[in-house]
Amino acid sequence: MSELLRCENLTKKYANTTALNGINLTLESGKIVGLLGPNGSGKTTLIKLINGLLTPTEGTILINGKTPGVETKREVAYLPDNSYLNSWMTVKQIIDYFKDFYEDFREDVAYTMLNKLGITPDVKLKTLSKGNKEKVCLILVMSRNAKLYVLDEPIAGVDPAARDYVISTIINNYNPEATVLISTHLISDIEEVLDEAIFIQNGDILLQKTIDEIREENGKSVDALFREVFRW
Amino acid sequence: MVKNLFKHEIYAYLRVILPMHMILLGVAIIGRFIQLFDNNSTAYNIVFWSSVVAFCIGVVACIMLTLVFGIRRFYTNLFSNEGYLSFTLPVTTPQHIWVKNIVAIISQFSSLIMVLISCCVISLGDVCVEVFKAAGYLIKEFYQEFNYHTILYIIELVLALIISASAVYMLFYACIALGQRAKKNRVAAAVGIFFIYYLIMQVLATIFIIVVSVFYEQLRIDELLQYLFDHPILTNHLGNGVVIVINSIGLIIFYAITKSTIKNKLNLE
């Protein structure tokens, strides 16, 4: 396994708030990693920095040895925590859009997944339900053969049945040599699929361990440990 | 990637601009059709003038909506939720800005051309022929007076128009980008920045006029004006040159502000 993501002394400050406080983090390829923390802990800031949507105040961030930019955007597949597609487009048009910009986009995989959901390519995105729109977003991201998948709250705001669909879509479609970074606070739903967990709070990394290590050392599940660590 | 960026940008414009152009053309055709029933009756006059008013509204709407759409497109595609997709495409910030700017200019000119075509359609017949005759006569006279300079003037004017249009859009882009630095009400902040810029320009222009008026004799403005009056060819070139240079400077400054703000201060909500 090779190193895919490295953050050194990564700091992000907004006016009077420190969102990330000099964090050091390394992720290896071929793993599913949970980025776990309560709301406002710095998860989304870290994800935006990885995707080049924010510039660090201090420190460095390297993806496959490169700072975030055009080259890393070819290798990182990102699912934001909000609906980001042009609602006037049809499903087919948005697939063509992804195909045009991402060389690693697998059109056949996308259509197969859409077919299974019963979503026709000619339907406009604005006519889809919120749940189906989120599923289309996930399908687009997971249809890429990326090196790093960054999924921000992919299961928040969806019903339990849809959560199962989301998780199975991730498991069945990601490139096994790639790393999947999933940000969430709904740990019990994804604990089974995780290889590693990162606990983040107030911009600091509290813990980064494999799931087996957490269970062996603490004698409890990641969900139980999370509730203990982040208890109010 | 730039090719794909152009392709999708043009498509986004076409789906809005094309129907608008078709509506304007339709209004022009209906207006011309109504003129076939000219009988000088009250009913005819009401219908005729209504069609003229509708056409005038269509012309203004076509130009204004193209401008507004160009500005709105920059905002929604880069700074609303769509920005999460736009800024994670393997495309650089300058590519985003320039593609949007170039397509906006092309759309603006296509709307102007459509307005001209519609004007020809609604005045089809004797009026249209006379207008073309007059335009041809003016160009001929102008060419006889200024010879090959006429071609140079046309090139300079086209260049000045393109650069001015580009600078206007870039000014709006810069205001929108700077407005994103506000914590709340970012659109309102962008509008505020635009008005502050406009106010500063007005103040500078007033100061310039006052300085020129006060130091009229020391600056030998009389002599300068007389010199320009005596050399019309040079004056025309100089006028075009000043427009091109001033707008180019503006364009460069607005672009630098937009690029630097997006690159270093991007913060999507």
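Does Arg220(B) count as buried or exposed, and what is the number of C-beta neighbours inside 10 Å that settles the matter? Keep in mind that what you're looking at is a predicted model. Arg220(B) has 12 C-beta neighbours inside 10 Å, so it counts as exposed; the cut-off for that label is 12 or fewer. To find Arg220(B), go to the loop between α7 (186-214) and α8 (221-230) of chain B. Its backbone deserves a look too: Arg220(B) isn't a glycine, yet its phi is positive, at about 50°.

Chain A has a residue of this kind as well. Asn9(A) is not a glycine either, and it has a positive phi of about 50°. Here the setting is a strand, namely β1 (residues 3-14) of chain A. Asn9(A) has 13 C-beta neighbours inside 10 Å, so it goes down as partly exposed.

Let's stay in chain A and turn to its sheet. Six strands form an open sheet, and you can walk across it in the order β5-β6-β7-β3-β8-β9 (chain A), with mixed pairing along the way. At the edges stand β5 (76-79) and β9 (204-210) of chain A; each has a single partner strand, so one side of each is left without a neighbour in the sheet. Ignoring direction, neighbouring strands of this sheet are turned by 15° against each other on average. Helix α5 (residues 130-142) of chain A packs on the sheet, where it touches β5 and β6 (148-152) of chain A. The direction of α5 makes about 175° with that of β5(A).

Now zoom in on strand β3 (residues 32-36) of chain A. In the strand order, β3 sits between β7 and β8. With β7 (residues 179-184) of chain A, β3(A) pairs in the parallel sense over 5 bridges. One place to see this is Ile32(A), whose bridge partner in β7(A) is Val180(A). On the β8 side (residues 196-201 of chain A), the pairing is again in the parallel sense, over 4 bridges. There, Val33(A) stands opposite Glu196(A), and Leu36(A) has Phe199(A) as its bridge partner.

What about the faces of that strand? In a regular strand the side chains alternate between the two faces of the sheet. For β3(A), one side holds Ile32(A), Gly34(A) and Leu36(A), while Val33(A) and Leu35(A) are on the other, and all of them are buried. Both faces are therefore covered, and since 5 of the 5 residues of β3 are buried, the strand is largely enclosed by the rest of the structure. For the record, buried takes 20 or more other C-beta atoms within 10 Å.

Chain B is built from other parts. Its secondary structure comes to 9 helices and 0 strands, so reading along the sequence just gives α-α-α-α-α-α-α-α-α. Chain B has a radius of gyration of 23 Å, whereas a compact globule of 269 residues would have one near 18 Å. The C-alpha trace spans about 65 × 55 × 35 Å along its principal axes. Of the 269 residues of chain B, 24% count as buried. If you look at contacts in chain B with a separation of 6 or more, 79% of them are between residues 24 or more positions apart.

Chain B is divided into domain 1 (1-124) and domain 2 (148-269), and the C-alpha centres of the two lie 25 Å apart. Where they meet, 15 residues of domain 1 are in contact with 16 residues of domain 2. On the domain 1 side, α2 (42-79), α3 and α4 (93-122) of chain B each supply at least two residues, and α4(B) gives the most, with 7 residues. By class, that side has 10 nonpolar, 5 polar and no charged residues.

Finally, bring the two chains together. Here 17 residues of chain B are in contact with 18 residues of chain A. On the chain B side, α1 (2-35) and α3 (83-86) each supply at least two residues. That side of chain B has 9 nonpolar, 7 polar and 1 charged residues. Helix α3 of chain B thus turns up on the side that touches chain A and on the side of domain 1 that touches domain 2.

Conventions: Residues are numbered from 1 along each chain as its sequence is written. Chains are lettered from A and ligands numbered from 1 in the order in which they are written. This is a predicted model: local features need pLDDT of at least 70, side-chain atom pairs count only at pLDDT 80 or more; totals for chains, interfaces and linings use all residues. Two strands pair if DSSP finds at least two bridges between them. Two residues are in contact if their C-beta atoms, placed from the backbone, lie within 7 Å. Ala, Val, Leu, Ile, Met, Phe, Trp, Tyr, Cys and Pro count as nonpolar, Asp, Glu, Lys and Arg as charged, and the others, Gly among them, as polar. Axes are lines fitted to C-alpha atoms, for helices over the stretch in contact, and angles run from 0 to 180 degrees between N-to-C directions. Domain bounds come from an automatic or database domain assignment. The radius of gyration is taken over C-alpha atoms; the globule rule is 2.2 Å times the number of residues to the power 0.38.
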